Amino acid sequence: MAHTISPSAATLAYLHRRKFTRGKLFTGRSCKNSSGSWLLSARRRFYFVASATNERYGGVMEISECEARPPIYAWPDNNKRPRVCILGGGFGGLYTALRLESLVWPDDKKPQVVLVDQSEHFVFKPLLYELLSGEVEEWEIAPRFSDLLGNTSVQFFRDRVKCLYPSDHLGMSTATVTGSGGVVHMESGLLIEYDWLVLALGAEAKLDLVPGAAEYALPFSTLEDAHKVNEKLRALERTYFGKDYPIRVAVVGCGYSGVELAATISERLQDGGVVKAINVGKEILPNAAPGNRESALKVLSSRNVQLLPGYVVHRIRKGGGFETSHELTKVEALYDATEICSPENLVLELQPAERGLQSQIVEVDLVLWTVGTKPQLPLLEHNDNPNMLPLNARGQVETDETLRVKGHPRVFAVGDSCALRGKHGNLLPATAQVALQQADFVGWNLWAAINGRPLLPFRFQNVGEMMTLGRYDGAVSPSFLEGLTLEGPIGHSGRVILAIFYRRNRGPQPIFHSRHVKLCFQSKMAKHIQQEKEEKDKHSFNKKCIKEEKAVKNGK
Ligand SMILES: Cc1cc2nc3c(=O)[nH]c(=O)nc-3n(C[C@H](O)[C@H](O)[C@H](O)COP(=O)(O)OP(=O)(O)OC[C@H]3O[C@@H](n4cnc5c(N)ncnc54)[C@H](O)[C@@H]3O)c2cc1C
């Protein structure tokens, strides 16, 4: 008879039986998986098979009478060299892996590194807006891990992390701590035992803040989100083509993400659209350099962007038709007549966050949500796990200043999922700049920890702020020249040049930088050559046609 238990309990029971002893977990038959990594099925009897439950997290497992073998990741060099498992291949995770690769190691100490990500692609998130403006193509900003890691010894493994079982908690016996750092449980059922763990799972959009946001608003945080928004805009552009009514887009939140989105979309839609940017505070970009804020305000006011400062979104719901305005009734009639799908009419109920404002109802075709982020870590924890990671109220894991997770000497954390305070006591911002610099330190501190050397405290160096405001506008406020802001086309070019410069010279690993920059240039060149070729072809085709016409006229 089958009993239903939680996967964590099943896994823990199994791991408990195996006692996590280093090396012993790896007896058995090995096989290679599709991504080239070695898997190994444990021969020991362990009765668990996945049930039909399709839950993303915390699905149930069944204990059955038949034998099932949880596959276990087999490290290429068995257990002879330290095993570093990096969870998440964003700025923090990928750059930590590359940093580890670039360091010089004593022979037997060079760690085996496995990088796990749910996606096959690294995503350069700051360039996601350029997908909407058509400035870049997907492969330019989202290269495959297999390409990026091709010449390194880092193993890439595509899977989704399901839960963590660190066993390095200070309260545990020394024997266990020296035996293994813990085990990661993947969604596929694979177990990865590690000596050192790096948490770099980033954060995702927080859509549970108001009713209706999860159903009707689109976030803009991942490559998939960017594709969805692009598709939605395309569909709206098709639907509204040749009509007198503008596409209506609401952007909720006027931090960097909201302002960059509002600027990019308003530029794309031009006179064919109106963007309503809703912000709780009176001022947009509250944490930005004043120069950047002014540049953004200038750009937004020169386009079809209506700022709605001092409002909170209370609820988002589907509109009950177009009866509220004459113009919309006309649109509906038109759609009925032409049998084109009517646009989704979404309603945002706004409440004043400031005195003197009235509640408002805003009707739009598309809502983009940029407020709040949610780290992935709380989802990976289970109540029966005695070694919970220390999380703050936002769900980020707390580290000491060497970026080691508090109470877990074998676990480091980087990037958006890590909570660390800067010199003024504020939490460091969730930016690529912070993640990249932390990756540099985590790589170094892993080297130090493995080689028994002192670890370095992380110090964030703010190099400035950059912002895209469409194809030809941008703003750059470098930290080393106080009060200076490059704006307009100069700011746009400055941003690109600084990004390339930073990626080439300041980042932790030249392999990726040079390759990534090269890829971008190659693609730009290829596009340019292709365009020139098409122009030439058109030209010679025209010439040929004219010649033929002349010949016909002359009766030849
Ligand atoms: C649109 C946009 C624009 C931005 N622009 C800028 C900018 O101009 N400048 C700047 O400094 N910062 C910018 N940021 C912020 C910056 O991108 C993030 O701070 C940075 O990516 C954080 O790096 P990370 O490694 O912590 O997380 P991420 O880069 O988000 O990487 C996390 C990785 O973990 C993987 N992952 C998540 N959950 C799982 C799981 N359960 N299993 C397996 N894999 C998982 C994801 O697939 C992802 O690859 C921007 C962010 C966005 C969304």
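**Sheets, ligand shell and two unusual loop residues**

Strands β8 and β9 run parallel and are joined by 4 bridges. One pairing to look for here sets D117 against R158, its bridge partner in β9. The model is a predicted one, and these two strands belong to an open sheet of 5 strands with parallel pairing, in the order β9-β8-β7-β13-β25. At the edges sit β9 (155-158) and β25 (411-413), each of which pairs on one side only. From one strand to the next, the twist in this sheet averages 20°. Helix packing comes in here too: α12 lies across β7 (83-87), β13 (196-199) and β25, and runs at about 165° to β25.

The chain as a whole comes to 14 helices and 29 strands. It has 556 residues, 40% of which count as buried. Taking contacts between residues at least 6 apart in sequence, 65% join residues at least 24 apart.

A second open sheet, again with parallel pairing, is made of 5 strands in the order β15-β22-β16-β17-β18. Its edge strands are β15 (217-219) and β18 (305-309), and each of them pairs on one side only. The twist here averages 25° from one strand to the next. Within this sheet, β16 (residues 247-252) and β17 (residues 273-279) run parallel and share 6 bridges, with I247 standing opposite G273 in β17. Helix α8 (residues 223-240) lies across β15, β16 and β22 (366-369), and its direction is at about 135° to β15.

Some antiparallel pairing turns up as well. Strand β19 (residues 311-318) pairs with β20 (residues 346-352) in the antiparallel sense over 7 bridges, and Y311 has P352 as its bridge partner in β20. β20 also pairs with β21 (residues 360-364), again in the antiparallel sense, this time over 5 bridges. There, the bridge partner of L348 is V362 in β21.

Turning to the ligand, 31 residues surround it, and the closest are G88, G90, G92, G202 and G415. Sorted by class, the shell holds 12 nonpolar, 15 polar and 4 charged residues. Three elements, α2 (91-102), β8 (112-117) and α12 (432-450), each supply at least two residues of that shell. Two of these have already come up: β8 as part of the β9-β8-β7-β13-β25 sheet, and α12 as the helix lying across β7, β13 and β25. The shell also draws on both domains, with at least three residues from domain 1 (3-204 + 374-450) and at least three from domain 2 (213-371).

Two loop residues deserve a look for their backbone angles. Most residues other than glycine have a negative phi. Q270, found in the loop between α9 (256-269) and β17, instead has a positive phi, near 50°. L285 has a positive value as well, near 45°, and its place is in the loop between β17 and α10 (290-301). Is each of these two residues buried or exposed? Q270 counts as exposed because it has 10 C-beta neighbours inside 10 Å, where the limit for exposed is 12 or fewer. L285 has 24 such neighbours inside 10 Å and therefore counts as buried, the cut-off for that being 20 or more.

How values were computed:
Residues numbered from 1 in each chain as written. Predicted model: local features only at pLDDT ≥ 70, side-chain atom pairs only at ≥ 80, totals over all residues. Pairing = 2+ DSSP bridges. Axes fitted to C-alpha atoms, helices over the stretch in contact; angles between N-to-C directions. Contact = placed C-beta atoms within 7 Å. Near = placed C-beta within 6 Å. Nonpolar A, V, L, I, M, F, W, Y, C, P; charged D, E, K, R; others polar. Domains from an automatic or database assignment.
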